[in-house]
Amino acid sequence: MTRLDRLALSGIRLYQRQLSPRKGFHCAHAALHGGESCSAAVARIVREDGLRRGRARIAARFGA
């Protein structure tokens with residue numbers, strides 16, 4: 001895991017703990033399809049593929 005991957009995961013964790021609970025709703029994808037939130041999906045992709053190699057999967061998730 002690269003430094004960039006760790007930085008991205010730290011940013012996602014910060015978002016999930018501090019900002020997301022204050023929104024009061026899930027991402028549109030999770031609300032429509034169920035399953036994991038977009039931030040959880042992106043964190044999983046970063047852990048599996050890394051931020052750079054996983055960018056197509058990340059873009060596809062946001063596109064969906």
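How many positive and negative side chains does the protein have, and how far apart do the centres of the two sets lie? In this predicted model, the protein has 13 positive and 4 negative side chains, and the centres of these two sets lie 7 Å apart.

**View 1. Overall fold of the predicted model.** The secondary structure of the protein consists of four helices and zero strands, which, followed along the sequence, gives the pattern α-α-α-α. The C-alpha trace spans about 30 × 25 × 15 Å along its principal axes. The radius of gyration of the protein is 12 Å, which agrees with the value near 11 Å that a compact globule of 64 residues would have. Among contacts between residues at least 6 apart in sequence, 50% join residues that are at least 24 apart.

**View 2. Surface and burial across the protein.** Of the 64 residues of the protein, 28% count as buried. The protein exposes about 4700 Å², and carbon and sulfur atoms supply 58% of that area.

**View 3. Surroundings of Ser39 in helix H3.** Ser39 lies in helix H3, which comprises residues 38-49, and Ser39 counts as buried because its relative accessibility is 15%, under the 20% cut-off. When its neighbours within four places in sequence are left aside, Ser39 is in contact with Ile12, Tyr15 and Gln16. With Gln16, one of these residues, Ser39 also shares a polar contact, in which the two side chains are joined at 3.1 Å.

**View 4. Leu19 in helix H1.** Leu19 is found in helix H1, which runs over residues 3-23. Leu19 counts as exposed because its relative accessible area is 52%, a value over the 50% cut-off. For orientation within the view, Glu36 can be taken as a reference residue: Leu19 and Glu36 are separated by 17 residues in sequence and, from C-alpha to C-alpha, by 17 Å in space.

**View 5. Ala64 in the segment after helix H4.** Helix H4 covers residues 55-63, and Ala64 is found in the segment that follows this helix. With a relative accessibility of 62%, Ala64 counts as exposed. Ala28 serves as the reference residue here: Ala64 and Ala28 are 36 residues apart in sequence, while their C-alpha atoms are 9.4 Å apart in space.

Notes:
Residues numbered from 1 in each chain as written. Predicted model: local features only at pLDDT ≥ 70, side-chain atom pairs only at ≥ 80, totals over all residues. Heavy atoms only, no water. Helix = DSSP H or I, 4+ residues; strand = E, 2+ residues; numbered from the N terminus. Rg over C-alpha atoms; globule rule 2.2 N^0.38 Å. Buried < 20%, exposed > 50% of the residue type's maximum accessible area, 1.4 Å probe, protein only. Contact = heavy atoms within 4.5 Å. Areas by Shrake-Rupley, 256 points an atom, 1.4 Å probe, with all protein chains shown as cover. Lys, Arg positive; Asp, Glu negative; His and termini not counted. Charge placed at Lys NZ, Arg CZ, Asp CG, Glu CD. Polar contact = N/O pair within 3.5 Å; in protein donor to acceptor, adjacent residues only side chain to side chain.
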